[in-house]
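Please read the points below with the structure open beside you, and take them in order. They move from the strands to the metal site and then to the pocket.

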Amino acid sequence: MANARFETTFSFSRHRANCPVLCRACGHEIVVAPSAFADVFPLPVTIKEAERRLNCTVCGARRARLIPVPMPAAR
Ligand SMILES: [Zn+2]
């Protein structure tokens with residue numbers, strides 16, 4: 001996984017990786033499964049674009065931070 005590159009939301013499904021998403025406004029953190037990303041973004045968007053579009057389920061702020069650290073997805 002050392003040279004895995006996470007440039008778009010599709011990178012996560014390609015690498016079967018979950019993505020921790022942190023809200024920079026309130027600190028709320030969730031882990032998004034690759035299949036959930038595919039539901040929200042049917043077409044691949046860049047990590048930066050996804051950060052702009054996601055809003056926090058707790059405080060509603062659009063200050064998401066995607067942390068593309070490969071986490072093995074549950075099988
Ligand atoms: Zn928040």
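1. A good place to begin is strand S1 (17–23), which is mostly covered, since six of its seven residues are buried. Please keep in mind throughout that this is a predicted model, and that the values quoted here are computed from it.

2. How do S1 and S2 pair, in the parallel or the antiparallel sense? The two strands run in the antiparallel sense and are joined over four bridges; to see one of these contacts, find Cys19, whose bridge partner in S2 is Val32. The hairpin that these strands form has five residues between them, and there Gly27 takes a positive phi near 85°.

3. S1 also pairs with S3, again in the antiparallel sense, this time over three bridges. Looking along this pairing, you will find Leu22 standing opposite Arg65 in S3.

4. Which residues hold the zinc ion? Its protein donors are the SG atoms of Cys23, Cys26, Cys56 and Cys59, which lie 2.3 Å from the ion, and along the chain these donors follow the spacing C-x2-C-x29-C-x2-C. Within this set, the pair Cys26 and Cys59 links distant parts of the chain, 33 residues apart: Cys26 sits in the loop between strand S1 (17–23) and strand S2 (29–32), whereas Cys59 sits in the loop between helix H3 (47–53) and strand S3 (64–66).

5. Why is the arrangement around the zinc ion called tetrahedral? The four donor atoms subtend angles of 107 to 113°, and the arrangement is tetrahedral because four donors count as such if all angles lie between 85 and 135 degrees.

6. Are these two cysteines buried, exposed or something in between? Cys26 has a relative accessible area of 38%, and Cys59 likewise has a relative accessible area of 38%. Both are therefore partly exposed, because that term covers values between the limit for buried, under 20%, and the limit for exposed, over 50%.

7. The last feature to examine is the largest pocket, which has a volume of about 240 Å³. Of the 16 residues that line it, the closest to its centre are Val21, Ile30, Val32, Leu54 and Asn55, so that Val32, the bridge partner of Cys19, appears here once more. The elements that give two or more residues to this lining are S1, S2 and helix H2 (34–40), and the lining residues divide into twelve nonpolar, three polar and one charged.

Note on methods: Residues are numbered from 1 along each chain as its sequence is written. This is a predicted model: local features need pLDDT of at least 70, side-chain atom pairs count only at pLDDT 80 or more; totals for chains, interfaces and linings use all residues. Side-chain values use heavy atoms; hydrogens and water are left out. Donors are N, O and S atoms within 2.8 Å of the metal (3.2 Å for Na, K and Ca); water is not among the atoms, so sites may look incomplete. Four donors count as tetrahedral if all angles lie between 85 and 135 degrees; four count as square planar and six as octahedral if opposite donors are over 155 degrees apart and all others between 65 and 115; anything else is irregular. Buried means under 20% relative accessible area, exposed over 50%, partly exposed in between (1.4 Å probe, protein chains only). On a 1 Å grid over the protein atoms alone, a cavity is a set of points where a 1.4 Å probe fits but cannot get out, and a pocket is an open set with protein on both sides within 12 Å along at least five of seven lines; lining residues have an atom within 4 Å of a point. Grid points are joined across faces, edges and corners, and a volume is the space filled by probe spheres set on the points. Ala, Val, Leu, Ile, Met, Phe, Trp, Tyr, Cys and Pro count as nonpolar, Asp, Glu, Lys and Arg as charged, and the others, Gly among them, as polar. Two strands pair if DSSP finds at least two bridges between them.
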